[in-house]
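Biologist: I have the sequence and the model open side by side, and I would like a close look at a single part. Could you take one residue and walk me outward from there, through its neighbours and the elements around it?

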Amino acid sequence: MAHSKNHNSLKNGFPYFIASFLFVIYYLLLYLVPPPPNDTSQLHAWISEWKTYLQIADEILIFATLALLPSIYTLTNPRKQNQSPVALFASGLFFLIVIPMYVLVDLLFGRLVYPVNVYPLSEDSIVFILSLISGTNHMISLVTALAIVLYSKAFRKKSGGGLG
C-alpha cells in the first residue's frame with residue numbers, strides 16, 4: 001500500500017518537475033538578457049544582439065506553459081469528491097488568467113524576434129510590445145501569488161497535502 005502511494009505521488013509530481021524545470025530555464029535565459037535600452041533608437045540593435053536568447057526563451061515558455069496544465073489539474077481534479085472550493089478557485093485563476101497570460105507573453109516575445117510577413121517593427125511598436133510584456137508579467141506575478149496563498153489555505157486543512 002505504501003509503495004503504491006509513493007509511486008502515485010511520483011507520477012502526480014512529474015508534471016510539476018517538468019513545468020518547474022522549463023520555467024527555471026526560461027527565467028534564467030531572460031536573466032541573462034540585459035534590460036532594453038532607454039534610447040529607443042537602440043532597440044533594434046538590442047533585439048538583434050539578444051535575439052537567440054529571446055528566441056530560445058520564447059520556445060521554452062510555450063512548453064513550460066503547456067506543462068503547467070496537468071500540474072494544476074493534478075492539484076485539484078474537479079472530478080474528485082470533497083475538493084475545496086478555495087483550491088478550485090485557485091486552479092481557476094491559473095486556468096483562466098495565468099495560462100492565457102503566459103500565452104500572450106509568448107506571442108509578444110515571438111513578435112519581437114520572428115519576422116511576420118513584411119510588417120516591420122518600428123521603435124514605437126517595440127516599445128508598445130515591451131510595455132505589454134512587462135505589464136502582463138506583473139499581472140502573472142500578482143495572480144500567481146494570490147493562487148499560491150489560496151492553495152496554501154486550502155491544503156493546510158487537508159491531511160496528506162494536495163498531491164495525495
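Modeller: Happy to. Let us start with threonine 136, which sits in helix H5. Please keep in mind throughout that this is a predicted model.

Is threonine 136 buried or exposed? With 6% relative accessibility, threonine 136 counts as buried, because the cut-off for buried is under 20%. Which residues does threonine 136 touch, once those up to four places away in sequence are set aside? They are Met101, Leu104 and Val105. Valine 98 is a useful landmark here as well: 38 residues separate threonine 136 from valine 98 in sequence, while their C-alpha atoms are 9.5 Å apart in space.

Now move along the helix to a second threonine. Threonine 144 also lies in helix H5. The relative accessibility of threonine 144 is 19%, so threonine 144 too counts as buried. Leaving out residues up to four places away in sequence, threonine 144 touches Phe94 and Val98.

From these two threonines we can step back to the helices themselves. H4 and H5 pack with their axes 9 Å apart, at an angle of about 160°. That angle is over 145°, so H4 is roughly antiparallel to H5. The crossing in which H4 passes H5 is left-handed. What classes of residue make up the contact of H4 with H5? There are 29 nonpolar residues, four polar ones and one charged one.

Between these two helices there is a residue to look at in the backbone. Asparagine 117 is placed in the loop between H4 and H5. Although asparagine 117 is not a glycine, its phi is positive, at about 50°. Asparagine 117 has a relative accessible area of 67% and is therefore exposed.

Helix H5, which spans residues 123-156, also carries a pair of rings: tyrosine 151 and phenylalanine 155, four residues apart, or about one turn of the helix. Tyrosine 151 is buried, at a relative accessible area of 7%, and phenylalanine 155 is buried too, at 16%.

Helix H1 (residues 2-32) has two phenylalanines with the like spacing: phenylalanine 17 and phenylalanine 21 are four residues apart, about one turn of the helix. What is the accessibility class of phenylalanine 17? Phenylalanine 17 counts as exposed, at 52% relative accessibility. Phenylalanine 21, at 48%, counts as partly exposed. As for the rings in H5, the centres of tyrosine 151 and phenylalanine 155 are 5.7 Å apart and their planes meet at 5°, so that pair is stacked.

How many aromatic pairs are there by this rule? The count comes to seven. Phenylalanine 17 and phenylalanine 21 make one of the stacked kind, with 6.2 Å from centre to centre and 15° between the planes. Ring pairs also link Phe23, Tyr26, Tyr27 and Tyr102 into a cluster.

Let us turn to the other face of this story, the packing of H4 with H3. Helix H3 covers residues 51-75 and helix H4 covers residues 85-113; their axes come within 9 Å and cross at roughly 165°. H3 and H4 are therefore roughly antiparallel to each other, and H3 passes H4 in a left-handed crossing. On the H3 side, the residues in contact include Leu54, Leu61, Ile62, Leu68, Leu69 and Ile72. On the H4 side, they include Phe94, Phe95, Ile99, Tyr102, Val103 and Val105. By class, the contact of H3 with H4 divides into 15 nonpolar, four polar and four charged residues. Among the charged ones are Lys51, Asp58 and Glu59 of H3 and Asp106 of H4.

Several names come back as you trace this. Phe94 is in the contact of H3 with H4 and is touched by threonine 144. Val105 is in that contact and is touched by threonine 136. Tyr102 is in that contact and belongs to the ring cluster.

Finally, the whole chain. The protein chain has five helices and zero strands, following the pattern α-α-α-α-α along the sequence. Of its 164 residues, 36% count as buried. Among contacts between residues at least 6 apart in sequence, 76% join residues at least 24 apart. The contacts of threonine 136 with Met101, Leu104 and Val105 are a good place to begin looking on your own screen.

Notes
Residues are numbered from 1 along each chain as its sequence is written. This is a predicted model: local features need pLDDT of at least 70, side-chain atom pairs count only at pLDDT 80 or more; totals for chains, interfaces and linings use all residues. Side-chain values use heavy atoms; hydrogens and water are left out. Axes are lines fitted to C-alpha atoms, for helices over the stretch in contact, and angles run from 0 to 180 degrees between N-to-C directions. Angles under 35 degrees count as roughly parallel, over 145 as roughly antiparallel, 65 to 115 as roughly perpendicular and the rest as oblique. A crossing is left-handed if the near helix is turned anticlockwise from the far one by less than a right angle, and right-handed if clockwise. Contact means heavy atoms within 4.5 Å. Rings of Phe, Tyr and Trp (its six-membered ring) pair if their centres lie within 6.5 Å; planes under 30 degrees apart count as stacked, over 60 as edge-to-face and the rest as tilted. Buried means under 20% relative accessible area, exposed over 50%, partly exposed in between (1.4 Å probe, protein chains only).
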